[in-house]
Amino acid sequence: MTTHVASESVSTDVLVIGAGGAGLRTSIELAKHDIDCLVLGKRAHGDAHTIWAAGGINASLGSLDPEDRWEIHAADTLDEGHFVNDPTAVEMLCRRAPDRIRELAEWGMAFDRTDAGTINQRYFGAQSFRRTCFVGDRTGQALMDTLVQKAMDLDIPYRENLYITDLVTEGGRAAGAVGFDMDSGRPVAFDADAVVIAAGGHTSLYRRSSSRPDENTGDAQALAFEAGVPLRDMEFVQFHPTGKVKPEAEVGHLVTEAVRGEGGRLYNTEGERFMERYSPAQMELDARDVVARANEQEIREGRGTENDAVLLDISHRDDDYVHERLPRMVEEFAEHGVDITAEPMEVAPTAHYAMGGIEVNFETAETQIDGLYAVGECTAGVHGANRLGGNSLIETVVFGEVAGTHIAETLGTRPSPALSEAAVRDQVAAQDALATADGRHAPGDLIERLRGLMWDHAGILRDEDGLLQGLRALQQLRADADDLAVQADRTSRRYERAQNLGVMLTTAETILRGALERPESRGAHARTDHDTKDPAWRQNIRCLPAGDGNMDIDVAAAGTPSRRVQEAVDEEHELDYHHLE
Ligand SMILES: Cc1cc2nc3c(=O)[nH]c(=O)nc-3n(C[C@H](O)[C@H](O)[C@H](O)COP(=O)(O)OP(=O)(O)OC[C@H]3O[C@@H](n4cnc5c(N)ncnc54)[C@H](O)[C@@H]3O)c2cc1C
């Protein structure tokens, strides 16, 4: 095994860590302003989590429901976020979304169209109107194809298979980052005047999740936290109501909400359409947390299938319609012998989305560290306690544009420290130490233990005892992680997992601590020992780095919406599901 003392050095004006929707859209804005930037990701160009997004992307275009407007989109977002969202973020998102959609269409994104030629829109859960634009059920892939093509047209450099292990700050400003090339194993140091974290979510922390294997491991959150940036709302983890339960390799993978948006119905094994009991007005299109808990309860009370699932049925719709609107679902289930035009799908809740994450000022997308930005799923604030489906793809492009614009306006106007050799040397030494670790515990085994712990103790239902047990188990895992058996080349999956484990432990701890701190149930955070919402807790919980790996918690009052948005909230728009039938 090789150890490395020297590293490759790369210099760029702006380093963008992550090449999903958020990183790419940021880099496009930078390139439009002639700013030199480098985008990198752990995988090949175009291969980021965003390609798995399926059902759609929101904007109040009013193609089918002309009474829709951005203020109602904002009101729906706040309502489903249980009013702990950052109101500035919500307002910016909803105001700017229509322009970003039109821009994507201009750049070639082949949105589904109405007969009149306008961008078509479908229903998604808990939205008052049809405002989810889509490309069949492959919207994320279409978004990525469009952004990658645009980035290539603008000659934006991309570096693939590059794992960032640390951010470097000097004198309270971003100075760059250190990582390693996953192909050669070589350490790489990046000197940059501004750094953008766009490295995605963390739901791979859970035993059952809709994430791709070995991704969504919470790198962004841990990198920022360890650099000194607070994380907020970490207790809010979205469990999607409809994950697959088989085959084994696909457990937790998503059955898109578009199935319910197109009329899919949920049944238990007694043939009862049980959402009548949980949400008679909004039925299957109620918010994800409501439907997910309903599914979970049916299963826990013994009305699920032998695979611990409920049944999702779209077979009452025309076969051609199902093929046209849900081609990926048809294909994926057909591969395992299920014809969704004729029979139901077995589904159960799965960890799906991180509402919590890096605290930023959304007007600039900057963190509290000068020159350090964050965009996309890795941030917290847009979604509050629960995310509306279709709001995260639009978040990536709206705030990518915001970050790129602010960097372009400020780059060169503020001092930018050089990356110090000492900081790089320390990080490279840490990489070496991990690669040669010869303890007793395999990284993959500890990751599986961590995933089980998070599912059991910080899952869809939580209570104080369980969370405390979870924290104790996490401390034991940390001790075992200090006795790791790696002894592997840096190009190996084993080494990648050893790196993942470190960030996963940090991010997991912030979730457990945040969840323990909130003694109420709100949105996706459901406490069985405090099962009602407490108005006094319309607050945000922040995890603050306290040095030497310790964490402090503080609590801040949530912001209030602007008058225009508050008026839309007071109008109490709500989808009446039964009008659809
Ligand atoms: C199955 C599924 C379906 C979804 N459907 C929808 C939908 O229909 N509508 C919607 O709005 N949202 C949907 N979402 C959510 C949405 O896809 C994501 O929130 C969004 O795509 C996140 O984009 P991002 O750019 O922030 O991160 P990602 O697309 O996750 O990109 C993260 C990037 O960071 C890189 N990276 C990570 N760690 C490191 C590191 N340490 N070093 C270097 N690079 C790193 C990765 O390689 C990648 O390039 C869905 C999510 C899933 C999982």
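What follows is a friendly exchange about a predicted model, taken feature by feature.

Me: Why is A488 called buried?
Reply: The cut-off for buried is 20 or more other C-beta atoms within 10 Å. A488 has 20 such atoms, so A488 counts as buried.

Me: Where does A488 lie, and which residues does A488 touch?
Reply: A488 lies in the loop between α14 and α15. Leaving out residues up to four places away in sequence, A488 touches A435, R494 and Y495. A contact asks for C-beta atoms within 7 Å. With A435, the C-alpha to C-alpha distance is 5.7 Å, although 53 residues separate the two in sequence.

Me: How do you know that α14 has close to the expected span?
Reply: Good one to check by hand! The expected span is 1.5 Å times one less than the number of residues. Helix α14, residues 464-481, has 18 residues, and the expected value is 26 Å. From first C-alpha to last, α14 reaches 25 Å, close to that expectation.

Me: What makes one side of α14 the buried side?
Reply: The buried residues in α14 are G466, L467, G470, L474, L477 and A481. They cover an arc of only 90 degrees around the axis, so they sit on the same side of α14. As a general point, an α-helix has 3.6 residues a turn, so residues three or four places apart point the same way.

Me: Which elements do the buried residues of α14 pack against, and which residues are on the face turned away?
Reply: The packing partners of those buried residues are α13 (443-457) and α15 (493-517). On the face turned away from the buried side, α14 carries the exposed residues D465, Q475, Q476 and A479. Exposed here asks for 12 or fewer other C-beta atoms within 10 Å.

Me: What makes β9 a mostly covered strand?
Reply: Strand β9 spans residues 187-197, and 11 of its 11 residues are buried.

Me: How do you know that β1, β8 and β16 each pair with β9?
Reply: Pairing needs at least two bridges between the strands. β1 (residues 8-17) has 9 bridges to β9 and runs parallel to it, with V14 bridged to A194. β8 (residues 173-181) has 5 bridges to β9 and runs antiparallel; there, F180 is bridged to P187. β16 (residues 372-374) has 3 bridges to β9, in parallel, and V195 is bridged to L372. Each count meets the cut-off.

Me: What links β8 and β9, and what is special to note about phi in the turn?
Reply: β8 and β9 form a hairpin with 5 residues between them. In that turn, G185 has a positive phi of about 85 degrees.

Me: Why are β15 and β18 called edge strands?
Reply: The open sheet of 4 strands has the order β15-β10-β17-β18, with antiparallel pairing. β15 (357-358) and β18 (551-557) each have a single partner strand, so one side of each is left without a neighbour in the sheet. For β18, the pairing with β17 (residues 539-545) runs over 7 bridges, and R542 has D554 as its bridge partner.

Me: What makes up the shell around the ligand?
Reply: The shell divides into 18 nonpolar, 21 polar and 4 charged residues; glycine counts as polar here. Of the 43 residues around the ligand, G18, G20, G41, G200 and G376 come nearest. α1 (21-32), α4 (139-153), β7 (162-170) and α11 (391-410) each supply at least two shell residues, and α11 gives the most, with 4.

Methods. Residues numbered from 1 in each chain as written. Predicted model: local features only at pLDDT ≥ 70, side-chain atom pairs only at ≥ 80, totals over all residues. Near = placed C-beta within 6 Å. Arc of directions from axis to C-beta. Contact = placed C-beta atoms within 7 Å.
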